[in-house]
Amino acid sequence: MTSKPLIALDPTSGPLQRKGDRELAARPPTLDGQVIGLVTNGLGRSEDFMLALGDEIERLAKPSGAVHILKAGVSVPPEPTDWARLTSEVSVAVTGFGG
Amino acid sequence: MLHAARHAYDDYAALAEDYDARGWTDGLPIVPPTPEAVEAFLAAANLAPDTILGEVPTREVVVTAEHAAINAVMAGCRPAYFPTVVAAVRAHLHEKGNCHSTTGTLSGASQIVVVNGAVREEIGIESGEGCFGPGFRANATIGRALRLVIRNVCRAIPGYLDRASFASPFRYSFCFGENESASDWTPLHVHRGLDVNESAVTVHSAMSVSEVADFESRTPEAICDVWLEELLRKGVYADRFLQHGTILIVIGPEHQRFFLEAGWSKEQIRQRLFEKSRKPGPGQRPVSVAGPEGFMLVAAGGRGMASTWFFFPHLAWAITEKIRT
């Protein structure tokens, strides 16, 4: 006599790493001529930090422009209009948080 | 029809080891989430498996009733607890609950589930002696079920999307009830806009905890003054997204009785705390609440220890959700 196997359900919302998941874009050799996206989540002094980072990048390189995005909150993605700006105008993006 | 992938094991020991190896537990043994058990839980809450309870947009995660049921079975809940688990999951996933932040934070904030209404008696939620601790199945497993959903479904896994430096033992499970029969004080869920005949959970993400023990004070004003020292020492922070915060204050019976003897309501206590915390002095921190309603007062605990517990918030509002049966 063989006993029936114990059947149990996967408790997750899917695997943590999936083949083909998005990857970080390749880093350009220089920031000269790039449009820098600076995405801030609003926590703590993150706005001050990202503004200072933008100034520092301008001092060290010759970017052709900058797009500052401030998210509505820590737990929400950027607004669709902000996503559109990031994907259409920006060639290099930096995200960050503060506490 | 259930959607989750199915796994077959020769016996419970093999299942327990595999679930642990896959990172699907909190380190403690789990109850096997068989299809039959999960279906019984969904039936208890009258929910279809694909009912959406909420989502975590930044993680591209959608949480369904089936997800919650699987993890509630694993946590050791009874089917009758499941409507309370569902309400807690819905509350946790409310936008102003800020769950991506509260479960990913370096500070290791914990999620506290406060239960109000008749459901406390129906399923055995403890609100008296030892109610924060072990020994009460409903308290232990409902709090654990929420945390397993946070881990398994919302992906708040230490070192992955949970970046807590230390975390907290409160993260295994933290659920208790308000002792509504100890007085005629207005229950928390009624202060939060629900009807007294309804049952509800309030989920509060706490970044730090202070037990304020005071055996000396004998008047409401004196007790409030001692509380205010701690309140203003730590403060309540809110950012641009939240605008204002909420703080959970659990009043033990040895403090509560002085308020009751003097005829003080919760409303009077909240008003005094609000007025006295408006202007922080040197070395004190702002208490960023929108008004007296930002102080969520709950009566609980057992006699003997003259203490009241302050659960200072992480960046989130406490969210109250009706339990639907």
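Chain B of this predicted model contains 11 helices and 10 strands. Along its principal axes, the C-alpha trace of chain B spans about 65 × 40 × 30 Å. A compact globule of 325 residues would have a radius of gyration near 20 Å, and because chain B has 20 Å, the two values agree. Buried residues account for 49% of the 325 residues in chain B, and among the contacts in this chain between residues at least 6 apart in sequence, 81% join residues that are at least 24 apart.

Two strand pairings, one between the chains and one within chain B, are set out below.

| Strands paired | Sense | Bridges | One pair of opposite residues |
|---|---|---|---|
| Strand 1 (residues 6-9) of chain A and strand 1 of chain B | antiparallel | 4 bridges | Ile7(A) and Ala8(B) |
| Strand 2 (residues 52-56) and strand 3 (residues 61-64) of chain B | antiparallel | 4 bridges | Gly54(B) and Val63(B) |

Strand 2 and strand 3 of chain B form a hairpin with 4 residues between them, and in its turn Glu60(B) has a positive phi of about 55°.

Turning to the contact between the chains, chain B contributes 38 residues and chain A contributes 19 residues. On the side of chain B that touches chain A, the elements giving two or more residues are strand 1 (6-9), helix 1 (12-21), helix 2 (35-44), helix 3 (65-75), helix 5 (99-104) and helix 7 (137-153). The residues on that side of chain B comprise 23 nonpolar, 9 polar and 6 charged ones. Strand 1 of chain B, listed among these elements, is also the strand that pairs with strand 1 of chain A.

Technical notes. Residues numbered from 1 in each chain as written. Chains lettered and ligands numbered in written order. Predicted model: local features only at pLDDT ≥ 70, side-chain atom pairs only at ≥ 80, totals over all residues. Contact = placed C-beta atoms within 7 Å. Nonpolar A, V, L, I, M, F, W, Y, C, P; charged D, E, K, R; others polar. Pairing = 2+ DSSP bridges. Rg over C-alpha atoms; globule rule 2.2 N^0.38 Å. Buried ≥ 20, exposed ≤ 12 C-beta atoms within 10 Å, placed from the backbone.
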